[in-house]
Amino acid sequence: MEFEALSSAELSTYLRGVPSLYSLLNEPDELDITEVGDGNLNYVYFATNTRAPDRSVVVKQAPPFLRLVGKTWPLTRHRMEREVAALRRFGALCPAHVPRVYHADSELFLVVMQRLSSHRILRQGLMDGVVYPRLAGHLSTYLAHTLFYGSDLYLASDVKKQAVSAAVNTELCRITEDLVFTWPFEDHPSNVYSPAFARAEIERLWQSPALRVEVGEMKWSFMNDAETLLHGDLHTGSIMVNEDETYVIDPEFAFYGPMGFDIGAVLANLLLAWFSRAWHDRHAEPSGDAPSYGDWLLAQAAAIWNGFASEFATLWREHESRRGSHFIGGDRGGACAEAFRARFIERLFEQSLGFAGCKMIRRIVGMAKVADITSIADNALRATVEVRALRCAEQLLLRRRQLRSIEDVVALARDIASTRPALA
Ligand code: SR1
Ligand code: MG
């Protein structure tokens, strides 16, 4: 049967017919239904009791196609099961940073969740120059907990293998394989170039054997390194914030993959936000001697990585001290475990930079862009921002083994923005 999106009346009747929701929404006679989805895949609604506006939920439904493109790009609706399972798992690990699931329907492929009414999408907040004092602490905690507790560092080996197989997410992983690791690196018809985009810049990357090999390594890692349960699409549009709280939403791309993929996504999107400041700063009030908003953005990238690395190592050490190392037998005193941990985190940093590079390139060359950059109305300036971000991404991929710390990455970004190419 042909899919039809639910009408407001149908959705209202449905929600009022689920006893737990009827009670949660304060026994509404009527619900106000507003479609608010601006994502690429699904329909999203707010459903609010017209007589008690504080009683409101979010409903997300997966249509049998990719919303951004329409019915010509079919997708199975079972992706909603992946999303619900991931929301529940991440919610159990990080209840303060994941919206609560109130109800899921595996026939209608929908989920009903906590409404975050005083929060906004992080990307929008960053474009408006808003400072979120607790963001870095929250995101490092979220990353440390989700990445550690889904991995063999915590789970028993048999439990982990079963979890890997239960979380297989073939279709959405295929979207990432194509849109992040393949099509932006060839002259593919799905690529979209901004009006003044310097095509020679991307042609140079396509012709760089060294870069293509690095991207091949990242793609291989994404497809084969089932290290932990990932969010799988952790850009700044998948994060909701206010001054006090941070929530990670939309884990429909969740699967067991390399830890650095989620970390790289966060770093990439902060760097894209930072490069785009060249535009937004032109419209900002002068801030005197105060550190600029750009400084704050880069400081967040540094604090998220450094905070993550420290919290992740602490979780690991605590677990080891309770259970003993199950990786390095006979390691009395734990010196080998410490050395292994240091090497693990070093490798994870390199991997995160490689993924960040791929993710930055896909947002400039590929079909799914980010508003930080598309909102730049001046075409020449937008092209400058894009070239700088591409050059940074290239260096992240090529020099990830030489960049020893996140401060090196910050210095690299600053260097690229100050020297190449100059602003028009
Ligand atoms: C065609 S779907 C485009 C993108 O939207 C999602 O947010 C993922 O990033 C995906 O690659
Ligand atoms: Mg999404």
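Ala, Val, Leu, Ile, Met, Phe, Trp, Tyr, Cys and Pro count here as nonpolar, Asp, Glu, Lys and Arg as charged, and the others, Gly among them, as polar. The model shown is predicted.

**View 1. The shell around ligand 1.** Six residues of this shell are nonpolar, two are polar and three are charged. N40, L66, L68, I175, L179, D233, H235, F253, R362, R363 and A368 make up the surroundings of ligand 1.

**View 2. Polar contacts of ligand 1.** D233 places a polar side-chain atom 2.6 Å from an oxygen atom of the ligand. R362 also has a polar side-chain atom 2.6 Å from an oxygen atom of ligand 1. For R363, an N or O atom of the side chain is 3.3 Å from an oxygen atom of ligand 1. Ligand 1 taken alone exposes 320 Å², and the protein buries 95% of that.

**View 3. The pocket and its helices.** Ligand 1 takes up the space of the largest pocket. Helices α7 (170-181) and α12 (335-365) each supply at least two residues of the shell.

**View 4. Ligand 1 and the two domains.** Domain 1 (8-114) gives residues to the shell around ligand 1, and so does domain 2 (120-417); therefore the ligand lies between them.

How values were computed:
Residues are numbered from 1 along each chain as its sequence is written. Chains are lettered from A and ligands numbered from 1 in the order in which they are written. This is a predicted model: local features need pLDDT of at least 70, side-chain atom pairs count only at pLDDT 80 or more; totals for chains, interfaces and linings use all residues. Side-chain values use heavy atoms; hydrogens and water are left out. A residue is near a molecule or strand if one of its heavy atoms lies within 4 Å of it. A polar contact is a pair of N or O atoms within 3.5 Å; within protein, one must be able to donate a hydrogen and the other to accept it, and residues adjacent in sequence count only if both atoms are side-chain atoms. Accessible areas come from the Shrake-Rupley method with a 1.4 Å probe; for residues, only the protein chains shown count as cover. On a 1 Å grid over the protein atoms alone, a cavity is a set of points where a 1.4 Å probe fits but cannot get out, and a pocket is an open set with protein on both sides within 12 Å along at least five of seven lines; lining residues have an atom within 4 Å of a point. A molecule sits in a cavity or pocket if more than half of its atoms lie within 2 Å of its grid points. Helices (H or I, at least four residues) and strands (E, at least two) are DSSP runs, numbered from the N terminus. Domain bounds come from an automatic or database domain assignment.
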